[in-house]
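Reader: Hey, got a minute to walk me through this model? I'd like to talk helices and holes.

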Amino acid sequence: MKRLVSYLVLILALCGLLGFGVQRLNASDHSNGGNKVLNLYNWGDYIDPALITKFEKQTGYHVNMETFDSNEAMYTKIKQGGTDYDLTVPSDYMIEKMRAAHLLVPLDKSKLHGMTNFDPRLMNKQFDPHNRYSIPYFWGTLGIVYNDKFVKPGSLQHWNQLWSPKYKNNIMLVDSARDVLGFALASNGQSMNTTNLKTLEAAKDKLDRLSPNVKAIVADEIKMYMAENEAAVAVDWSGEASEMMANNRHLHYVVPSEGSNLWFDNLVIPKTAKHYKAIYAFLNFMMQPKNAAQNAKYVGYATPNKPAQQLLPASVRNDRQFYPDAKTMAHLQIYQNLSPEMVGKYNDLYLEFKMHH
């Protein structure tokens, strides 16, 4: 029995020593580099991995990246707390919502060295006046993709043309309530941010009449289907269209001149941030024109960095569907942060349309 007690005492002593050793090791790791990290919370496949490697080599910071698949999922996780994200990438309307919920830290502009690189047309928007909390990361539009195997080049230019019987069972829609109801509203000459229920319901009724033409309502698969000539037409975002076009030379992208959505994804500092030196090192790194251009080539979306645009191939920077002229820009609308009740109404009407389809 005494021998057993002796063994137990020895085992407990060893466990104590091991625990102390682990604690000391963790403390050592923290003091010797635990703060040399950047915790990035980003959309999936939304940064060139080579840039992450380059940043780590240049600065000595290690980037931990976690991804989300919707603004709402990102918002919920940050609001719930328990995370230590240093940077995240919300869309325009979500910045407005995060500001209202006190989830963002203002930018220290004195530590940023590339703000003059941004196109002034893309700055100081309603969702973040004077860019107090955000810097633009990518931007783009909602538009129409068509395949010239099935559609005469240049013949499809407007939203209302989607209702033509010649596109029966031949249109794919991106699965997004704001965007699908949005283009229906734009086709009626209405605001894509309307809160008028009659106006919104009229748009939904019009969508119901589009149903015979809708082949599928899908998410990321839309890129594969269009690249493989599965449909004549799609409604999708400009960056997705760019990826499709890279895989199928018969595809073209159009932003209807009567109006569409202008969207922004933006880098912000959430209140969970801890590693401020790493944050500003990364923001300055990404604002360098060479890095911004490299990222735009990889992701396929439009860069807000004007010097970076000049480093892109002429076929890209001169493409007015991806870098619209002033006339087209004047008709584009940024989604506003609607009330929870109104968001619910949009979602309900959209679900009814999907069920009708």
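Reader: So, helix 5 and helix 6: roughly parallel or roughly perpendicular to each other?

Author: One thing up front: this is a predicted model. Helix 5 (residues 177–187) and helix 6 (residues 197–210) pack at an angle of about 100 degrees. An angle of 65 to 115 degrees counts as roughly perpendicular, so helix 5 and helix 6 are roughly perpendicular to each other.

Reader: And how far apart are the axes of those two?

Author: The axes of helix 5 and helix 6 are 9 Å apart.

Reader: Which residues make the contact?

Author: From helix 5 you have V180, L181, F183, A184, L185 and S187. Helix 6 brings T199, L200, A203, K204, K206, L207 and L210.

Reader: How does that contact split by class?

Author: Nine of the residues in the contact of helix 5 with helix 6 are nonpolar, two are polar and two are charged.

Reader: OK, next pair. What about helix 3 and helix 4, at what angle do they pack?

Author: About 20 degrees, with the axes 10 Å apart. Helix 3 covers residues 71–80 and helix 4 covers residues 92–100. Since that angle is under 35 degrees, helix 3 is roughly parallel to helix 4.

Reader: Is that crossing left-handed or right-handed?

Author: The crossing of helix 3 and helix 4 is right-handed.

Reader: Who meets whom there?

Author: On the helix 3 side it's N71, E72, M74, Y75 and I78, and they meet Y93, M94, K97 and M98 in helix 4. In that contact, six residues are nonpolar, one is polar and two are charged.

Reader: Then helix 2 and helix 9: at what angle do they cross?

Author: Roughly 125 degrees, and their axes come within 11 Å. That angle falls in none of the roughly parallel, antiparallel or perpendicular ranges, so helix 2 and helix 9 are oblique to each other. Their crossing is right-handed.

Reader: Which residues do the touching?

Author: L51, I52, K54, F55 and Q58 of helix 2 make the contact with A278, A281, F282, F285 and M286 of helix 9. By class, that contact has eight nonpolar residues, one polar and one charged.

Reader: Switching to holes. How many cavities of 30 Å³ or more does the structure hold?

Author: One. The volume of the largest cavity is about 120 Å³. It has 13 lining residues, and P136, Y137, M286, A292 and T303 are the closest to its centre.

Reader: M286 again! Where does the lining come from?

Author: Yes, M286 of helix 9 is also in the contact with helix 2. As for the lining of the largest cavity, strand 5 (134–147), helix 9 (276–287) and helix 10 (289–299) each supply at least two residues. Strand 5 has the largest share, with four residues.

Reader: And the lining by class?

Author: The lining of the largest cavity has ten nonpolar residues, three polar and no charged.

Reader: Now pockets. What's the volume of the largest one?

Author: The largest pocket comes to about 1,500 Å³. It is lined by 47 residues, and W43, D69, S70, N71 and W237 lie nearest its centre.

Reader: Which helix gives the most to that lining?

Author: Helix 8 (residues 238–247), with five residues. The lining of the largest pocket divides into 20 nonpolar, twelve polar and 15 charged residues.

Reader: What about the second largest pocket, what's its volume?

Author: About 240 Å³ for the second largest pocket. Its lining has 14 residues, with S242, A296, G300, V316 and F322 nearest the centre. Helix 8, helix 10 and helix 12 (314–317) are the elements giving two or more residues to that lining.

Reader: Last one: how does that lining divide by class?

Author: For the second largest pocket, the lining has nine nonpolar, three polar and two charged residues.

Definitions and conventions: Residues are numbered from 1 along each chain as its sequence is written. This is a predicted model: local features need pLDDT of at least 70, side-chain atom pairs count only at pLDDT 80 or more; totals for chains, interfaces and linings use all residues. Side-chain values use heavy atoms; hydrogens and water are left out. On a 1 Å grid over the protein atoms alone, a cavity is a set of points where a 1.4 Å probe fits but cannot get out, and a pocket is an open set with protein on both sides within 12 Å along at least five of seven lines; lining residues have an atom within 4 Å of a point. Grid points are joined across faces, edges and corners, and a volume is the space filled by probe spheres set on the points. Ala, Val, Leu, Ile, Met, Phe, Trp, Tyr, Cys and Pro count as nonpolar, Asp, Glu, Lys and Arg as charged, and the others, Gly among them, as polar. Axes are lines fitted to C-alpha atoms, for helices over the stretch in contact, and angles run from 0 to 180 degrees between N-to-C directions. Angles under 35 degrees count as roughly parallel, over 145 as roughly antiparallel, 65 to 115 as roughly perpendicular and the rest as oblique. A crossing is left-handed if the near helix is turned anticlockwise from the far one by less than a right angle, and right-handed if clockwise. Contact means heavy atoms within 4.5 Å.
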